[in-house]
Amino acid sequence: MILSNSRTLLEDITEAKNFGYSEEFMFRKDKLIGRLNDVSYKKEECQLVEYCVHENASDPSEQSILFLIECVDGTKGCLSSAYGIYAEAELLEFCLSLRKKFN
């Protein structure tokens with residue numbers, strides 16, 4: 001496992017980048033789009049490696065989730081989102097329905 005809920009979201013993003021998850025994904029219209037490579041990926045082109053929910057220590061209602069995703073072309077990256085009451089339902093459904101990568 002790369003991610004840990006004992007670290008902050010930013011610390012986990014830094015750790016993921018140390019493991020090669022350098023792409024920054026955006027979610028748009030049922031696709032992931034790489035901010036750096038400007039390539040779009042359909043659900044069947046992606047695998048969910050792992051994810052972790054982070055809670056703000058000063059305000060537990062402020063939660064975020066970080067996904068580590070690998071794509072068929074070898075691209076590895078992160079996608080973060082609000083979690084809990086502020087979550088984007090379509091993004092969460094998309095990511096959690098991806099094929100799971102077995103390590």
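Asp38 counts as exposed, because its relative accessibility is 66%. In this predicted model, Asp38 belongs to the loop that joins strand 2 to strand 3, the latter spanning 40-41. Its backbone deserves attention as well: the phi angle of Asp38 is near 55 degrees, a positive value in a residue other than glycine. Most residues other than glycine have a negative phi.

A second residue invites the same kind of description. Lys29 sits in the loop between strand 1 (23-28) and strand 2 (31-34), and its phi is near 50 degrees, again positive in a residue other than glycine. With a relative accessibility of 80%, Lys29 counts as exposed. A positive phi is also found at Gly20, which follows helix 1 and has a value near 95 degrees.

Helix 1 itself covers residues 9-18, and its buried residues are Asp12, Ile13 and Ala16. Because these residues cover an arc of only 105 degrees around the axis, they lie on the same side of helix 1. The face turned away from that buried side carries Leu10 and Asn18, both exposed.

Helix 2, residues 89-96, can be read in a similar way. Leu91, Leu92, Phe94 and Cys95 are its buried residues. Seen down the axis of helix 2, they fall within an arc of 160 degrees, so they line one face of the helix. On the other side of helix 2, Glu90 and Glu93 are exposed.

Leu91 offers a view of what surrounds the buried face of helix 2. Leu91 lies in this helix and is buried, with a relative accessible area of 4%. Apart from neighbours within four places in sequence, Leu91 is in contact with Phe27, Phe67, Leu79 and Ser81. Val49 stands 42 residues from Leu91 along the chain, and the C-alpha atoms of the two are separated by 16 Å.

The contact with Ser81 leads from helix 2 to strand 6, where Ser81 has its place. Ser81 is buried too, with a relative accessible area of 13%. When neighbours within four places in sequence are left aside, the contacts of Ser81 are Gln63, Ser64, Ile65, Glu88 and Leu91.

Strand 5, residues 59-71, contains Glu62. This residue counts as partly exposed, because its relative accessibility is 42%. Not counting residues up to four places away in sequence, Glu62 touches His54, Glu55 and Asn56. Glu62 and Ala82 are 20 residues apart in sequence, while their C-alpha atoms are 7.8 Å apart in space.

The description now turns to the largest pocket, which holds about 170 Å³ of space. Its lining consists of Ile13, Lys17, Glu23, Glu24, Phe25, Met26, Arg35, Leu66, Cys78, Leu79 and Ser80. Which elements each supply at least two residues of this lining? They are helix 1, strand 1 and strand 6, the last of these spanning 76-83. Strand 1 provides the largest share, four residues. By residue class, the lining divides into six nonpolar, one polar and four charged residues. Two of the lining residues connect the pocket with parts already described: Ile13 is among the buried residues of helix 1, and Leu79 is one of the contacts of Leu91.

The cysteines remain to be considered. A disulfide is a covalent bond between the sulfur atoms of two cysteines. How many disulfides does a search of the whole structure find? The search finds zero. Cys71 is in no disulfide, and the nearest cysteine sulfur, that of Cys46, is 3.9 Å away. Because a disulfide is defined here by sulfur atoms within 2.5 Å, the separation of 3.9 Å between the sulfurs of Cys71 and Cys46 does not qualify. Cys71 counts as buried, at 8% relative accessibility. Cys95 is likewise in no disulfide; the nearest cysteine sulfur is that of Cys46, 8.4 Å away. Cys95 is buried, with a relative accessible area of 0%, and it is one of the residues listed above for the buried face of helix 2.

How values were computed. Residues are numbered from 1 along each chain as its sequence is written. This is a predicted model: local features need pLDDT of at least 70, side-chain atom pairs count only at pLDDT 80 or more; totals for chains, interfaces and linings use all residues. Side-chain values use heavy atoms; hydrogens and water are left out. Buried means under 20% relative accessible area, exposed over 50%, partly exposed in between (1.4 Å probe, protein chains only). The arc is that of the directions from the helix axis to the C-beta atoms. On a 1 Å grid over the protein atoms alone, a cavity is a set of points where a 1.4 Å probe fits but cannot get out, and a pocket is an open set with protein on both sides within 12 Å along at least five of seven lines; lining residues have an atom within 4 Å of a point. Grid points are joined across faces, edges and corners, and a volume is the space filled by probe spheres set on the points. Ala, Val, Leu, Ile, Met, Phe, Trp, Tyr, Cys and Pro count as nonpolar, Asp, Glu, Lys and Arg as charged, and the others, Gly among them, as polar. Contact means heavy atoms within 4.5 Å.
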